[in-house]
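Reader: I should be grateful for a close examination of one part of this model. Please take a single residue as the starting point and work outward to the elements around it.

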Amino acid sequence: MRQFYLLFRSFSLLFLSAIIFSCNENTVDPELFGSISGTVKTSEEAGSLPMEGVSITTNPGTTSVTTNSDGYFNLKEVKVGDVTVNAKKEGYTAVSTPVKVQEGKELVMQVVMGIAPLDSKIPDDITYVSPLDIQDDETKLPNKVNLVWRNGETEKGDTLRFDVILYEGADDAEGTKVVSNILDTTYMVKNLKFETTYLWKVVARNKQLDEVEGKKWRFTIEDYPNNGYLFVKDTLGSRDIYSWDLAENHLVRLTKDGGSEVSPRISPNEELIAYSSNKSGEYHIYTMDTKGKNVVKVTNDKPLVSYNNSGTGFVWSPEGDQILYGHYGDLYTINYNGTGENKIANAPVNRQFKSCDWSDHFNNSSQEKIAVLTQGEKPYDNEIYLMDSDGANLFLLVANLEGTISSPHFSPDGTKVIFSLDSLFQDDDGRQLNAKIYSVNVDGTNIVNLSGDDKPAGTNDLQARYTETGGKIVFMNVANDNEGEKSIWIMDPDGSNREKIISNGEMPDLYNP
């Protein structure tokens with residue numbers, strides 16, 4: 001028994017020692033800091049004057065600072081030990097000074113910088129680094145490319161400046177100077193056009209303005225992405241249509257006419273986008289392909305116009321051969337190529353057609369049906385009707401409720417219509433305070449609030465549409481002062497799981513997300 005006790009005590013001591021050793025082994029020394037301050041002045045030949053705007057950095061790195069008008073700088077919380085202080089300013093020879101920083105102490109130093117000598121030579125050629133000179137169009141780059149080159153062999157103290165010139169294809173003789181007189185040997189070009197071949201070259205010059213031009217290198221940008229999100233983005237007062245797959249490098253601006261291009265709607269075969277533009281002074285309907293090309297004007301002498309309408313409220317036919325839109329109190333179909341204009345319905349007395357939707361399913365059956373929003377002179381005087389595709393069998397789905405109604409849209413199975421309603425508020429200027437998304441059965445029963453309590457206070461939920469499969473509802477949310485950011489959200493059909501997917505966007509349409 002005694003022998004067991006001695007053995008157990010020995011084992012315990014060994015185990016305890018191991019624990020203590022392990023704890024000591026894992027102990028981390030605390031980081032210790034000091035500080036560095038000083039002044040920078042010119043050399044005696046330059047008058048020993050204080051230098052403002054000198055960049056001060058250290059190695060190992062700390063925060064970069066710049067000297068003030070007295071040439072003073074102060075670096076706080078510099079780790080103790082050997083540190084190199086670097087001082088740089090254009091036109092002066094850079095200075096690197098090794099120092100030793102001590103815990104809790106301020107090291108005071110003085111830096112003297114001499115004027116850099118004049119350039120005496122310039123490189124014979126520019127040495128490019130990337131991207132490679134790609135002659136093979138099968139090798140394609142993203143539409144954001146980092147151009148890199150080398151400084152070249154120059155005299156000590158030489159400071160070269162560079163221009164970067166970008167050519168859009170071999171036929172672009174002049175090119176575009178995308179940046180000028182930079183000291184860096186790298187430059188990022190962004191928002192390049194998809195399926196486009198570019199050439200680029202660098203021009204270098206010294207202080208004496210001697211120049212050398214590099215050769216042209218070539219690269220090709222990747223194919224157009226299969227973007228499934230269409231929306232309108234307001235940039236510097238110009239509203240344009242964009243497509244996106246929610247990846248930064250695949251944001252594509254599709255319109256650039258300088259007016260207001262709004263309400264993108266993808267065709268059923270996903271080959272054309274219908275939209276409206278006021279570039280002629282009134283909103284007319286146009287089509288373009290998914291790359292923003294091959295623009296065709298659809299409407300002729302009857303623009304897209306009604307009470308309080310700014311280019312919204314048209315829709316493709318289910319077959320994609322026609323477009324349905326309102327012109328004051330008349331509802332028209334027109335072929336997508338601008339032919340075959342046909343009036344199919346008149347609005348009720350003293351009302352005009354503001355928006356519409358057209359479904360090839362109605363109440364779970366293969367039957368075409370049109371939903372239309374009619375409006376009186378006041379923005380809050382609204383009614384939603386259903387009718388056949390030829391305008392017959394008009395049925396009042398949603399009566400003139402108190403508040404403003406907007407944007408009716410069928411569910412894919414044709415059993416419901418969703419819309420926005422700013423209940424209990426009526427404003428002659430059209431302002432809405434608390435618009436929410438609702439659904440209603442196509443027989444007019446069971447109006448359900450889908451926005452519920454999850455909608456942020458002081459905002460409006462507008463422009464709601466079902467996704468292609470009906471699995472989600474996409475919509476726009478905006479502050480009710482009309483001054484905040486417009487953003488695009490998505491939620492489940494019952495209003496749950498709200499999620500913001502696009503900032504600075506409105507009028508969404510999704511077709512293959």
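Author: In this predicted model, a suitable starting point is Tyr 275, which is buried, with a relative accessible area of 1%. Tyr 286 likewise counts as buried, at 4% relative accessibility; the cut-off for this class is under 20%. The rings of Tyr 275 and Tyr 286 have their centres 5.8 Å apart and their planes at 20°. Because planes under 30 degrees apart count as stacked, this pair is stacked. Tyr 275 belongs to strand E20 and Tyr 286 to strand E21, so the pair ties together parts that are 11 residues apart in sequence.

The backbone arrangement places these two residues face to face in the pairing: Tyr 275 stands opposite Tyr 286 in E21. Strand E20 (residues 272–277) and E21 run antiparallel and are joined by six bridges. Together E20 and E21 form a hairpin with six residues between them, and in its turn Gly 281 has a positive phi of about 105°.

Strand E21 itself covers residues 284–289 and is mostly covered, with six of its six residues buried. This holds for both faces of E21. On one side lie His 284, Tyr 286 and Met 288, and on the other Ile 285, Thr 287 and Asp 289, all of them buried.

E21 also pairs with strand E22 (residues 296–297), in the antiparallel sense and over two bridges. Tyr 286 takes part here as well, since its bridge partner in E22 is Lys 297. The hairpin of E21 and E22 has six residues between the strands, and Gly 292 takes a positive phi near 85° there. Tyr 286 thus stands opposite Tyr 275 of E20 and is also bridged to Lys 297 of E22.

The stacked tyrosines may be set beside other ring contacts in the model. The count comes to 11 aromatic pairs. Among them, Trp 149 and Phe 162 have ring centres 5.6 Å apart and planes at 70°, so that pair is edge-to-face. Trp 149 lies in strand E9 (residues 145–149) and Phe 162 in strand E10 (residues 161–168), 13 residues apart. Both Trp 149 and Phe 162 are buried. Elsewhere, Tyr 128, Trp 200 and Trp 217 form one aromatic cluster, and Lys 215 lies over the face of Tyr 128, at 5.6 Å from the ring centre.

Definitions and conventions:
Residues numbered from 1 in each chain as written. Predicted model: local features only at pLDDT ≥ 70, side-chain atom pairs only at ≥ 80, totals over all residues. Heavy atoms only, no water. Buried < 20%, exposed > 50% of the residue type's maximum accessible area, 1.4 Å probe, protein only. Helix = DSSP H or I, 4+ residues; strand = E, 2+ residues; numbered from the N terminus. Pairing = 2+ DSSP bridges. Phe/Tyr/Trp six-rings, centres within 6.5 Å; stacked < 30°, edge-to-face > 60°. Lys NZ or Arg CZ within 6 Å of the ring centre and 35° of its normal.
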